[in-house]
Amino acid sequence: MRRSLKICSISLWGQNSFFKTVTILLLISTISYAQQSQPRTQIRISIQNEAGNPIAAAGVQINLNGSVVKSITTDEKGEVTADNLSPGAYEVSVSRDGFEPGMKSNVMLSSGQSIEIKFVLVKKVVLKEEINVNANANAPPEQTSSTPAELGQATIRNVLGNQAKTVSDTLPLLPGVVRSPQGEIKISGTGENRSAFIVNAADVTDPATGQFGMTVPVDIVRSISVFKTPYLAQYGRFTAGVVSVETRRGGEKWNFELNDPFPEFRYLDGNLRGLRAATPRIVFNGPLIKNKLYISEGTEYTIKKRPVQTLEYPNKETKTESINSFTQLDYLVSGTHTLTGTFHFAPRKDSFVNLDFFNRRPVTPNWKGRDYTGTIIDRLTLGENLLESTVAVKRYSIEVWGQGTADMILTPTGNQGNYFSEQDREATRVEWLETLSLKPIRNIGTHNLKFGSVIARTTNGGEFIARPVNIQDTEGNLLRRIEFVGGQPFDMDDFETYFFGQDHWNVTQKLSLDLGLRFERQGITETYRLAPRVGLAWAPFDNQKTVFRAGYGFFYDRVPLGVYAFDRYPNQVMTTYGPDGSVIDGPRFFANITDKAESSSNPFIGGGSNIGNFAPHSATWNVEVEHSFSPLLRVRLNYLNSNSSGIVIVDPKVVQGRDALVLGGGGKSRYRQLELTARFTWDENKQQVFASYVRSSSRGDINEFNTYIGNFPFPVVRPNQYARLSADLPHRFLAWGTFLLPWKLRYSPIVEYRNGFPFSPVDPMQNYVGEANAGRFPRFFSFDSRISRDFQVHPKYAFRFTLSGFNLTNHFNPLDVHRNIGDPSYGVFFGNYSRFVRLDFDLIF
């Protein structure tokens, strides 16, 4: 049993987080007909994990009449054959570190008979501390076309430490994934609404906006995988990437963790100035009924005041209060049948959202959200086939309101008044998934077939209210007034169906293909879509140290239900004033209009020509080569090309002589990425260095729907432009590692060097000056380090000291810029998190 107690902390962020990881091994296998032609008295054993991937080096023991007759080990394909057996009734048991053992008894074998047995092993919790490094250089490269980026538990604990509490906190540690200044995760240069986020195969995104919402605690996570080019047809409802999370089940022994039970106080000028943060976390897991029923629970309570370095105390802090709880129950019905139930409970309240130098407390909104997700997963092994059935129910509700009801005022030097909009909405999703993985079929190689279906019903109901917005110059003169009229509550629903089939075909020991087709239909759009995909992995040399991968596929976004509430939003009435205060234009009434999608040359999209027949899609291809130079060093080079069309955008237009804000499906974007990664591991994977360089370009239509249809819309809808996107980072270098030093010290640095994020210069009327996102922040450089040591004061107790340093070079990484040309300080960058350190002190028992 292991427990940890956080005694004290001097920190800016949260405390220790833990999660498990699964390493996916997909290797090539083939058995010729000639080998099968001679009858043998044998048992062929195949062992896979729950994802259908082979488990190598698994122990197999074959008993006859209570005596062991064979003790053998599976090869890299997860297979092994026991030859020259006598007829009889055998018992076959299998085991592998990190998995629950499996056994099949009364296996009847006749003379000259060949029997094949397939085991699907379930991951179990490992309670001792160990280093888990995914994709380590000692293992041969995976021979599959879809290779995810993964993070292991030890990597998160050693490299990020107390900074990571939820899944979204860990993602920027991967190449091609960044967090925007507004806190949104960007994958392949685009926002969360264009990526999928699944937990145990169930969709957990907000049905109304497509955002990730409150992600689950990392304490209960078994593995996190990020796919940018998943050519497996089981993945859908995205055009940028997929974040796939698997949670961990309880183990055979009880495990307790109590982290950070004491609050952190605020000190200014040597004086105590109240509470800064309190983030107690409790994690426990273990057997409720031995060998039958297991529980895993992770809960965090957070109250935090985050300082904004561009403002002055006491009005420089945002406030967050939340609970993030995840519960999982696993019931082993039999050796071939398991039931899993999960419940994610995440209410949260934020005050002074998006607080910064230009939006002081009075002009910021407050936000309250409730995120509940429950799932039931049934896994049944039918002979050598695996049937997985999942029912998931999600409810996501939010409220947004301002600090008061005064008009919002936009000026070149900073905004005033109160936030202009209020929202109160509730969205739900009920989803039923069925997946059937068939036993391997040996015919010109080995075919691993998987078929599945998804049926989902989503709803979104609520209301959007807006108050007047005044645009002024630096002298306080009124330039434009935006008023809002009309609007009514909305109540939308949708019915979605998806079907897929895929074949991971191991043609030879050197060549494998991924072939798949996915059918999607989203009822509210009245469109259907076909998504063909093909990928290959080829190891041209006998040593299989080099793997060449390539693929091409079509991918489709789900259109969030919030898009179809647009025509229920209040309409804008815009009046423009001259220097003397007289009206020079307007009032102009802008109707909210939902248009049809532009005609597409994509032959895989069909359906009606109704209003709102949107089908955002991308055609993506990539080539990749991976080579293991030694048992210690692995290098991967990847080029990705993605072209997206049919993106939903909002654009002010004139329609039949009338002003309108038009919601249409004519948006486009383009993403190019060259990625070079290297991983160096040694000392039995206890020490490692990971380094990556990404050269990328992202351009597209900038008026995506989420700029105006989201939780915190901006009131001014500017004319759309095709320009660099807000997360365009041409160059990004990222490196991190773990080193064991003398005196039992552990050292973990993180180095990041990249371009600054783009920004758009605007004029006093809030219009773009030139091309959108033409400006760019200075180059960003950060060097963070953590050093820790455990002191074993008793066989059951230890003290852990951790010293963390952030921005150790004290590099100027500005937080904001004066971007309005009417601002006397236009073009000046300001705000910075200076060098600081934090000391953590833990008691582990």
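Biologist: In this predicted model, in which loop is Asn200 found?
Modeller: Asn200 is not a glycine, yet its phi is positive, at about 55°. As for its place along the chain, the residue belongs to the stretch that links two strands, the first of which covers 196-199. Asn200 is therefore to be looked for in the loop between strand 12 and strand 13.

Biologist: Is Asn200 buried or exposed?
Modeller: The relative accessibility of Asn200 is 8%, and a residue is called buried when this value is under 20%. Since 8% falls under that cut-off, Asn200 counts as buried.

Biologist: Asn354 also has a positive phi without being a glycine; is Asn354 buried, partly exposed or exposed?
Modeller: Asn354, with phi near 60°, lies in the loop between strand 22 (337-351) and strand 23 (365-382). Its relative accessible area is 38%, and the range from 20% to 50% lies between buried and exposed. Asn354 is therefore partly exposed.

Biologist: Which strands stand at the edges of the open sheet formed by 5 strands?
Modeller: The order in this sheet is 9-14-15-12-13, and the pairing is mixed. A strand at an edge has a single partner strand, so one of its sides is left without a neighbour in the sheet. This holds for strand 9 (149-151) and strand 13 (202-203).

Biologist: Which residue in strand 14 stands opposite Leu151?
Modeller: Strand 9 pairs with strand 14, residues 221-227, in the antiparallel sense, and the pairing runs over 3 bridges. Within strand 14, the residue that stands opposite Leu151 is Ile224.

Biologist: In the open sheet of 3 strands, why is one side of strand 5 and of strand 8 left without a neighbour?
Modeller: The order of this sheet is 5-2-8, with mixed pairing. Strand 5 (79-82) and strand 8 (114-120) stand at its edges, so one side of each is left without a neighbour because each has a single partner strand.

Biologist: Which residue in strand 5 stands opposite Ser46?
Modeller: Strand 2, which spans residues 42-48, runs antiparallel to strand 5, and 4 bridges join them. The residue of strand 5 that stands opposite Ser46 is Glu79.

Biologist: Where does Pro314 lie, given that the peptide bond from Tyr313 to Pro314 is cis?
Modeller: The omega of this cis bond is near 15°. Pro314 itself lies between two strands, 293-307 and 317-334, in the loop that links strand 20 and strand 21.

Biologist: In which strand is Pro587 found?
Modeller: The peptide bond from Gly586 to Pro587 is cis as well, with omega near 5°. Pro587 is found within residues 583-594, which form strand 37.

Terms used. Residues are numbered from 1 along each chain as its sequence is written. This is a predicted model: local features need pLDDT of at least 70, side-chain atom pairs count only at pLDDT 80 or more; totals for chains, interfaces and linings use all residues. Side-chain values use heavy atoms; hydrogens and water are left out. Two strands pair if DSSP finds at least two bridges between them. Helices (H or I, at least four residues) and strands (E, at least two) are DSSP runs, numbered from the N terminus. Buried means under 20% relative accessible area, exposed over 50%, partly exposed in between (1.4 Å probe, protein chains only).
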